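The following note sets out points for a colleague who is reading this structure alongside its sequence. The points are numbered so that each may be taken up separately.

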Amino acid sequence: MDRDILRIKEDEAGNLKKLAKMYSTMEPASAARILRELDDTIVVKILTLVKEPETALILESLSRMGEAET
């Protein structure tokens with residue numbers, strides 16, 4: 001995995017934190033439906049800021065959508 005994928009720039013950190021908080025308060029299936037439409041790099045950055053229990057539920061929901069989303 002390219003190290004740049006996980007590198008969060010200072011100017012985007014605030015936005016990513018807001019998004020992470022928003023997605024972590026949503027129903028996991030709803031968050032998964034939105035996240036599957038985003039670029040993988042952005043999804044990885046957002047999920048690194050979400051707490052592990054919420055991330056697990058979102059990833060579980062993604063896995064139920066099919067192999068491509070997983």
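In which helix is Ala20 found? Ala20 is found in helix α2. The model under discussion is predicted, and the points below should be read with that in mind.

1. Overall architecture. The protein has five helices and zero strands. Following the sequence from its start, one reads the pattern α-α-α-α-α. The protein comprises 70 residues, of which 23% count as buried. When contacts between residues at least 6 apart in sequence are considered, 67% of them join residues at least 24 apart.

2. The nonpolar core. The largest nonpolar core has twelve residues in all: Leu16, Ala20, Tyr23, Ala31, Ala32, Leu35, Val43, Ile46, Leu47, Val50, Ile58 and Leu62. At least two residues of this core come from each of α2 (10–25), α3 (28–35), α4 (40–49) and α5 (52–65).

3. Ala20 and its partners. Is Ala20 buried or exposed? Ala20 is buried, because its relative accessible area is 3% and buried means under 20%. Leaving aside neighbours within four places in sequence, Ala20 is in contact with Ile46, Leu49 and Val50. Ala20 and Val50 lie 30 residues apart in sequence, yet their C-alpha atoms are 5.4 Å apart in space. Seen from the other side, and not counting residues up to four places away in sequence, Val50 touches Ala20, Ser24 and Thr55. Both Ala20 and Val50 belong to the core described in the previous point.

4. The packing of α2 with α4. The axes of these two helices, α2 and α4, come within 8 Å and cross at roughly 70°. Angles of 65 to 115 degrees count as roughly perpendicular, and therefore α2 is roughly perpendicular to α4. On the α2 side, the contact is made by Glu12, Leu16, Lys17, Leu19, Ala20 and Tyr23; on the α4 side, by Lys45, Ile46 and Leu49. By class, the residues of the contact of α2 with α4 divide into six nonpolar, no polar and three charged.

5. The packing of α3 with α5. What is the angle at which the axes of α3 and α5 cross? They cross at roughly 65°, and the axes come within 8 Å. This angle makes α3 roughly perpendicular to α5. The crossing of α3 and α5 is right-handed. Pro28, Ala29, Ala31, Ala32, Arg33 and Leu35 in α3 meet a set in α5 made up of Leu57, Ile58, Ser61, Leu62 and Met65. The contact of α3 with α5 has nine nonpolar residues, one polar and one charged.

6. Ser61. This residue, Ser61, lies in helix α5. Ser61 is buried, because its relative accessible area is 10% and the cut-off for buried is under 20%. Which residues does Ser61 touch, not counting residues up to four places away in sequence? Ser61 touches Pro28, Ala29 and Ala32 on that count, and these three residues are among those that α3 contributes to its meeting with α5.

7. Met65. Met65 is also found in helix α5. Met65 has a relative accessible area of 26% and is partly exposed. Not counting residues up to four places away in sequence, Met65 touches Ala29, Ala32, Arg33 and Arg36. Arg36 is 29 residues from Met65 along the chain, and the C-alpha atoms of the pair are separated by 9.3 Å.

How values were computed. Residues are numbered from 1 along each chain as its sequence is written. This is a predicted model: local features need pLDDT of at least 70, side-chain atom pairs count only at pLDDT 80 or more; totals for chains, interfaces and linings use all residues. Side-chain values use heavy atoms; hydrogens and water are left out. A nonpolar core is a set of buried Ala, Val, Leu, Ile, Met, Phe, Trp, Tyr and Cys residues joined through side-chain atoms within 4.5 Å. Buried means under 20% relative accessible area, exposed over 50%, partly exposed in between (1.4 Å probe, protein chains only). Helices (H or I, at least four residues) and strands (E, at least two) are DSSP runs, numbered from the N terminus. Contact means heavy atoms within 4.5 Å. Axes are lines fitted to C-alpha atoms, for helices over the stretch in contact, and angles run from 0 to 180 degrees between N-to-C directions. Angles under 35 degrees count as roughly parallel, over 145 as roughly antiparallel, 65 to 115 as roughly perpendicular and the rest as oblique. Ala, Val, Leu, Ile, Met, Phe, Trp, Tyr, Cys and Pro count as nonpolar, Asp, Glu, Lys and Arg as charged, and the others, Gly among them, as polar. A crossing is left-handed if the near helix is turned anticlockwise from the far one by less than a right angle, and right-handed if clockwise.
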